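Trainee: I should like to learn how cysteines and sheets are read in a model of this kind. May we look at an example together?

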Amino acid sequence: MGPMITPSVPDDLVGAFQIEGEPVRGRLARLGPAVDEILRAHDYPEAVANLLGEACALASLVGSNLKFDGRLIVEARGSGPVRYVVADYDTSGGLRGYCRFDPDEVAAASEGFVRPGARSLLGDGIFLMTVDQGPDMDRYQGVTAIEGETLALCAEQYFAQSEQTPTRVRLAVGQANDGEGPKWRAGGVLIQNIAEDDARGSTAEAWNRTQALFETIGEDELIDSLLSSNHLLFRLFHEDGVRVFGSTPLRAFCRCSQDRIETVLKSFPAADREDMVEPDGKIHVTCEYCSRVYAVEPEKLGEAA
């Protein structure tokens, strides 16, 4: 049995910060019950849960910077044991995610001493970030190859290629015992070098110093339920000073609903829908994200178009 932990600091928050007097800004995400609910909706192997937890933390970090109502979708697709991982953040703080994987292949990849990371699990593939501003707006999508062993490295490469913004990312996922059994936790921190201009001059020296401090972050610190976000930032950047801005609460939230499920089913031909009817006379649909099961009466769907 692991150590007993009594959370004493706010959880499920993502906030922004700025290094005082330096051209470096960042965001810090700490996830407790929200990521635990997302990961427990499926019986994921540890390595898969870790990958999805990282994706949720990353989506929170990047999505919380959107300046409009919408969604930020982080996903990676590959030919490895994990075919697909996605985390979906909306600007109200709602978060959901899931993985599609081959259990036997994941078990084989997990036999070593080191927990397999993104590259080992996904194999050759692509990492994508999509900004969705709603049905009336164009989607913006950036893509990069999966080359790093972690999603953090994939994200750093994405920012370097897609936005030419020097960016560092650290993500952590783990379990802690709160007295009611182990619960999943996740954390992430992102820093970016604000572009130099005539007023700022060269920012290289400040960026190099901040990166050196960033390198000292321990994964255990990012998921420590007894260490507040403010305390962690002060521990890292107290020499320069750090200004913390407002934070956004995070929660597990799935957008599935009876109406959405029925709308999707109506798009299928009538013959296909007939094949879906189970012995109780209903069509049962399980949401990939939250595992909620919907029962739909075929008569409600009318005739196929």
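Trainee: How many disulfides are counted in this structure?

Mentor: A disulfide is a pair of cysteine sulfur atoms within 2.5 Å. In this predicted model, the count by that rule is 0 disulfides.

Trainee: Why does Cys287 not form a bond with the closest cysteine sulfur?

Mentor: The closest cysteine sulfur to that of Cys287 belongs to Cys254, and at 3.5 Å it is too far for a bond. Cys290 is to be read in the same manner: its sulfur lies 3.6 Å from the closest cysteine sulfur, that of Cys256, which is too far for a bond.

Trainee: Is Cys287 buried or exposed?

Mentor: Cys287 counts as buried, because its relative accessibility is 8% and the term applies under 20%. Cys290, with a relative accessible area of 28%, is partly exposed.

Trainee: Let us turn to the sheet. In what order do its strands lie?

Mentor: Strands of a sheet pair through backbone hydrogen bonds, either parallel or antiparallel. Here 6 strands form an open sheet with mixed pairing, in the order 7-6-3-4-5-11. Strand 7 (140-145) and strand 11 (251-252) each have a single partner strand, so one side of each has no neighbour in the sheet.

Trainee: In which sense do strand 3 and strand 6 pair?

Mentor: The pairing of strand 3 (residues 71-78) with strand 6 (residues 125-132) is antiparallel, over 8 bridges. Val74 has Met129 in strand 6 as its bridge partner.

Trainee: Which strands does helix 5 touch?

Mentor: Helix 5 (residues 151-163) packs on the sheet and touches strand 6 and strand 7. The direction of helix 5 makes about 115 degrees with that of strand 7.

Key. Residues are numbered from 1 along each chain as its sequence is written. This is a predicted model: local features need pLDDT of at least 70, side-chain atom pairs count only at pLDDT 80 or more; totals for chains, interfaces and linings use all residues. Side-chain values use heavy atoms; hydrogens and water are left out. Buried means under 20% relative accessible area, exposed over 50%, partly exposed in between (1.4 Å probe, protein chains only). Two strands pair if DSSP finds at least two bridges between them. Helices (H or I, at least four residues) and strands (E, at least two) are DSSP runs, numbered from the N terminus. Contact means heavy atoms within 4.5 Å. Axes are lines fitted to C-alpha atoms, for helices over the stretch in contact, and angles run from 0 to 180 degrees between N-to-C directions.
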